[in-house]
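Q: Could you take me through one part of this protein slowly, in plain words? I'd like to see how a single piece sits among the rest.

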Amino acid sequence: MLTAALALVVAFGVIASGDAQEPGGKRSIWDGVYTEQQANRGEREYGRSCEHCHGPGLEGDGGREIPPLVSDPFMRSWRGKNLKELFDLLRRSMPADNRGSLSARAYTDLIAYLLRVNDVPAGTSALPDAPAGLEAISIEQK
């Protein structure tokens, strides 16, 4: 009985301190889900694989139906989705001239770069290379 009461007190203390994760381990992009090093690799990959279509400023090209990857249009289009959905779209359709040709790490590095250019702060943990680990990270506008 004392052990159960102690466990309850400890659990309640963790919840009260704000250290408890949301149910199911869900996180937001605003929780520092990528590292600067990962975003730097993503920036280099963007230059090699994406810039020729999406432009040096990630502005896209409306005339060629290439969407922007920065600012409100990008964030609005992904709001309410998770990073796995973004990863899956990138892997399935990008680069347009060689779809699915990048490694899982390259795609997650690109996502880290996209987060950085959209003013999402970096953290101390890198995005996982496994798509399943990205499903728990939601895309939200601040």
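**A close look at helix H2**

A: Let's start with one residue: Ala-39 has a relative accessibility of 0%, so it counts as buried. Keep in mind as we go that this is a predicted model. Ala-39 has its place in helix H2, and that helix is the part we'll explore.

Who sits around Ala-39? Setting aside neighbours within four places in sequence, Ala-39 is in contact with Tyr-34, Asp-109, Ala-112, Tyr-113 and Arg-116. Take Ala-112: along the chain it is 73 residues from Ala-39, yet the two C-alpha atoms are separated by 4.7 Å.

Now zoom out to the helix. H2 covers residues 36-49, which is 14 residues. From its first C-alpha to its last it reaches 20 Å, close to the 20 Å expected at 1.5 Å a residue.

Ala-39 has buried company in H2: Gln-38, Arg-41, Gly-42, Glu-45, Tyr-46 and Ser-49 are buried as well. Looking down the axis of H2, you'd find the buried residues within an arc of 155°, so they line one face of the helix. Here is a handy bit of background: an α-helix has 3.6 residues a turn, so residues three or four places apart point the same way. Turn to the face of H2 that points away from the buried side, and you meet the exposed residues Gln-37 and Arg-48.

Arg-41 deserves a stop of its own. This residue of helix H2 has a relative accessible area of 19%, and the cut-off for buried is under 20%, so Arg-41 counts as buried. Leaving out residues up to four places away in sequence, Arg-41 touches Arg-105 and Asp-109. Asp-109 also turned up among the contacts of Ala-39.

So what covers the buried residues of H2? The cover includes helix H3 (51-54) and helix H6 (104-117). Let's follow H6. The axes of H2 and H6 are 7 Å apart, and the two helices pack at an angle of about 105°. H2 and H6 are therefore roughly perpendicular to each other. On the H2 side, the contact is made by Glu-36, Gln-38, Ala-39, Asn-40, Arg-41, Gly-42, Glu-43, Glu-45 and Tyr-46. H6 brings Arg-105, Ala-106, Thr-108, Asp-109, Leu-110, Ala-112, Tyr-113 and Arg-116. Sorted by class, this contact of H2 with H6 has six nonpolar, four polar and seven charged residues.

Next, step back along the chain to the loop between strand E1 (27-28) and H2, where you'll find Gly-32. With 15% relative accessibility, Gly-32 counts as buried. Not counting neighbours within four places in sequence, Gly-32 is in contact with Pro-121, Ala-122, Gly-123, Thr-124 and Ser-125. The C-alpha atoms of Gly-32 and Val-120 are separated by 7.8 Å, although these residues are 88 apart along the chain.

Finally, the whole chain. It has seven helices and two strands, and along the sequence they follow the pattern α-β-α-α-α-α-α-α-β. Of its 142 residues, 35% count as buried. Remember those partners from far along the sequence? Among contacts in the protein chain with a separation of 6 or more, 70% come from residues 24 or more positions apart. The pair Ala-39 and Ala-112, 73 residues apart along the chain, is one you can look up in the model yourself.

Technical notes:
Residues numbered from 1 in each chain as written. Predicted model: local features only at pLDDT ≥ 70, side-chain atom pairs only at ≥ 80, totals over all residues. Heavy atoms only, no water. Helix = DSSP H or I, 4+ residues; strand = E, 2+ residues; numbered from the N terminus. Expected span 1.5 Å × (residues − 1). Buried < 20%, exposed > 50% of the residue type's maximum accessible area, 1.4 Å probe, protein only. Arc of directions from axis to C-beta. Contact = heavy atoms within 4.5 Å. Axes fitted to C-alpha atoms, helices over the stretch in contact; angles between N-to-C directions. Parallel < 35°, antiparallel > 145°, perpendicular 65-115°, else oblique. Nonpolar A, V, L, I, M, F, W, Y, C, P; charged D, E, K, R; others polar.
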